[in-house]
Amino acid sequence: MLSKPLPSITAETLERCGVTAALDIEGGLPVISPLTGERVASLAVHSAEDAARAIEAAASAFRSWRLVPAPRRGELVRLYAEELRKAKEELGRMVSIEAGKSPSEGLGEVQEMIDICDFAVGLSRQLYGLTIATERPGHRMMETWHPLGVVGIITAFNFPCAPWCWNAALALVCGDPVIWKPSEKTPLTALACQAVFERALARFGDAPEGLSQVLVGGPELGEALVDSRKVALISATGSTRMGRIVGPKVAARFGKCILELGGNNAGIVCPSADMDMALRAIAFGAMGTAGQRCTTMRRLFVHDSVYDLLVPALRRAYASVSVGNPLESGALVGPLIDGAAFEGMQAALKEAADLGGTVHGGARASVEGAAAYYVKPALVEMPEQAGPVLRETFAPILYVMKYSDFDEVLELHNAVGGGLSSSIFTTDLREMETFLSARGSDCGIANVNIGTSGAEIGGAFGGEKETGGGRESGSDAWRAYMRRATNTINYSSELPLAQGVVFDID
Ligand code: NAD
């Protein structure tokens, strides 16, 4: 038994979402709320045999789901969006309890799920291919798109539900069953999402068994999906470390992969920037979600002519930002996920100081009654881009550096492994367009006069280099969940060969 009763706020919230799993399994997977540092549940974990069964069930579901007309598949996603709207408060609360986000960010994450469902419903009538001019008379050439197969979705702790839905909503309308391996740090939100999905399934009526499943447990369950030839596509969100393992394994079996990995996102503040706007955008981008977004701003290059204007104002914002339990106090900066994140942050700050950096903030903040890891966000003025500045530390650290030459700052901007998100603050048309051009930011997301974080679902989301190259969510990201066939139809009475090749048999 647990030493303490489950906090009723978690149990009640889960119950309202329809979660029926036992929450106090002895020796189970402990779920710790970063808000308090206390265990809120202990869950049964799935075994390797469970994972194999889930894959079989999904493979069997694929055989019938792929034949359901896409607009009808969209109807299931439409119903899910309706159920999500009804459960938004509860799900948002789960996100706050498990990932430590503010209520506004928790609700925002659920809103992203609703948005991508709405997008996917429209998409279910728009899964189109091209008709292409052929060189042969009496022929027609076209592309058709078909369901791909089972999609394995592996997700990170910091967005416990939206990235699943970015994948699942598209996969389901594309005709693919999904198996979700959520982070072992946030399995309750996953169970709650699945329970809400089951309400949509019940209303839909005739969906096959195994269309959407959740595997609760650690990396070994992710590995089971990665290693199975029956899983056509792995969409994995998490650290670059994880991607380095997953990518080659999937490639070795010629599976398909969407990798959404770590970033080391930067902003550039130019002399003509609207400083008030830049200040507010940087504050949210760097401190929001306690620096635990893949798109968090981690590096800032400020032109030396405006450095003494912007950076003191940033320091004041850092010193005064509220840190605490966002569910209770309305604080803007919640906790780090765990002690390991805190240790990682402290190690990076020490390394930066050893390299001549001036560290403002970064100490542990005491929050009454919490055995959790709250920190003051850290702003570090660095003499150059070196050491920890070159890598992602998943914590609220913003490294600030001066620049004087625009071409040089572009080089520095791109001189890191991550390639996810980037921004420039300028009102100079030449700087703006250069930043967005072929010799500008090398990231998958390049913004002007907004921060690096807070993407909308309508665009394709993802990044280059060590971010993995994957794209999901909007635009034409749906194509990754389907298989493309090129079809050439001969409606003539001749058999001309392409490229004028002659092969006449008597
Ligand atoms: P993590 O890599 O530790 O874990 C992510 C998921 O991968 C978990 O579900 C974990 O169980 C699973 N996993 C780990 N090793 C695995 C393996 N060998 N095989 C299969 N699955 C495995 O990441 P985290 O600490 O949960 O999340 C933070 C990281 O995720 C940061 O680097 C952040 O930038 C990144 N992230 C990226 C995006 C994006 O869209 N690019 C979004 C959110 C988070």
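In these legends, helices (H or I, at least four residues) and strands (E, at least two) are DSSP runs, numbered starting at the N terminus. The model is predicted, so to speak a computed picture: local features need pLDDT of at least 70 and side-chain atom pairs count only at pLDDT 80 or more, while totals for chains, interfaces and linings use all residues. Residue numbers run from 1 along each chain as its sequence is written, and side-chain values use heavy atoms, with hydrogens and water left out.

**View A. Here is the shell of 27 residues around the ligand.** Those that come nearest are Lys181, Glu184, Ser239, Leu261 and Glu392; being near takes a heavy atom within 4 Å. Sorted by type, the shell holds 13 nonpolar, 8 polar and 6 charged residues. Nonpolar covers Ala, Val, Leu, Ile, Met, Phe, Trp, Tyr, Cys and Pro, charged covers Asp, Glu, Lys and Arg, and the others, Gly among them, are polar. Helix H7 (219-227) puts at least two residues into the shell, and so does helix H8 (240-252). H8 is the top contributor, with 4 residues. Domain 1 (49-261 + 468-485) and domain 2 (265-460) each lend the shell at least three residues; those bounds come from an automatic or database domain assignment.

**View B. Zoom in on three polar contacts between protein and ligand, at Phe157, Gly238 and Glu392.** A polar contact here is a pair of N or O atoms within 3.5 Å. Glutamate 392 uses its side chain: one of the N or O atoms there sits 2.6 Å from a ligand oxygen. Phenylalanine 157 uses its backbone instead, with an N or O atom 3.1 Å from an oxygen of the ligand. Glycine 238 also brings in a polar backbone atom, 3.3 Å from a ligand oxygen. How much of the ligand does the protein bury? On its own the ligand would expose 850 Å², and the protein buries 92% of that, going by Shrake-Rupley areas with a 1.4 Å probe.

**View C. Cysteines 270 and 443 stay out of disulfides.** With a disulfide taken as two cysteine sulfur atoms within 2.5 Å, the count is 0. For cysteine 270, the nearest cysteine sulfur belongs to cysteine 443 and is 15 Å away. Cysteine 443 has its own nearest cysteine sulfur in cysteine 294, 12 Å away. Are these two buried or exposed? Cysteine 270 has a relative accessible area of 0%, which makes it buried, and cysteine 443 is buried too, at 15%. Buried means under 20%, exposed means over 50%, and partly exposed is what lies in between (1.4 Å probe, protein chains only).

**View D. Two loop residues, Thr289 and Asn449, have a positive phi without being glycine.** Most residues other than glycine have a negative phi. Threonine 289 has a phi near 55°. Look for threonine 289 in the loop that joins helix H9 (275-287) to strand E11 (297-303), where it is buried at 9% relative accessible area. Asparagine 449 comes in at about 60°. The loop holding asparagine 449 runs between strand E17 (445-448) and strand E18 (460-461), and this residue is partly exposed, at 23%.

**View E. Glu112 and Gly129 are both paired here with Ala162.** Glutamate 112 is part of helix H4 (residues 103-123) and is buried, with 14% relative accessibility. Its C-alpha lies 6.0 Å from that of alanine 162, although 50 residues separate the two along the chain. Where does glycine 129 belong? Glycine 129 falls in the loop between H4 and strand E3 (131-132), and at 35% it is partly exposed. Glycine 129 and alanine 162 are 33 residues apart in sequence, with 28 Å between their C-alpha atoms.

**View F. Lysine 86 sits on helix H3 (residues 70-99).** Lysine 86 is exposed, with a relative accessible area of 57%. Cysteine 17 is 69 residues away from lysine 86 in sequence, and the C-alpha to C-alpha distance is 9.5 Å.

Conventions:
A polar contact is a pair of N or O atoms within 3.5 Å; within protein, one must be able to donate a hydrogen and the other to accept it, and residues adjacent in sequence count only if both atoms are side-chain atoms.
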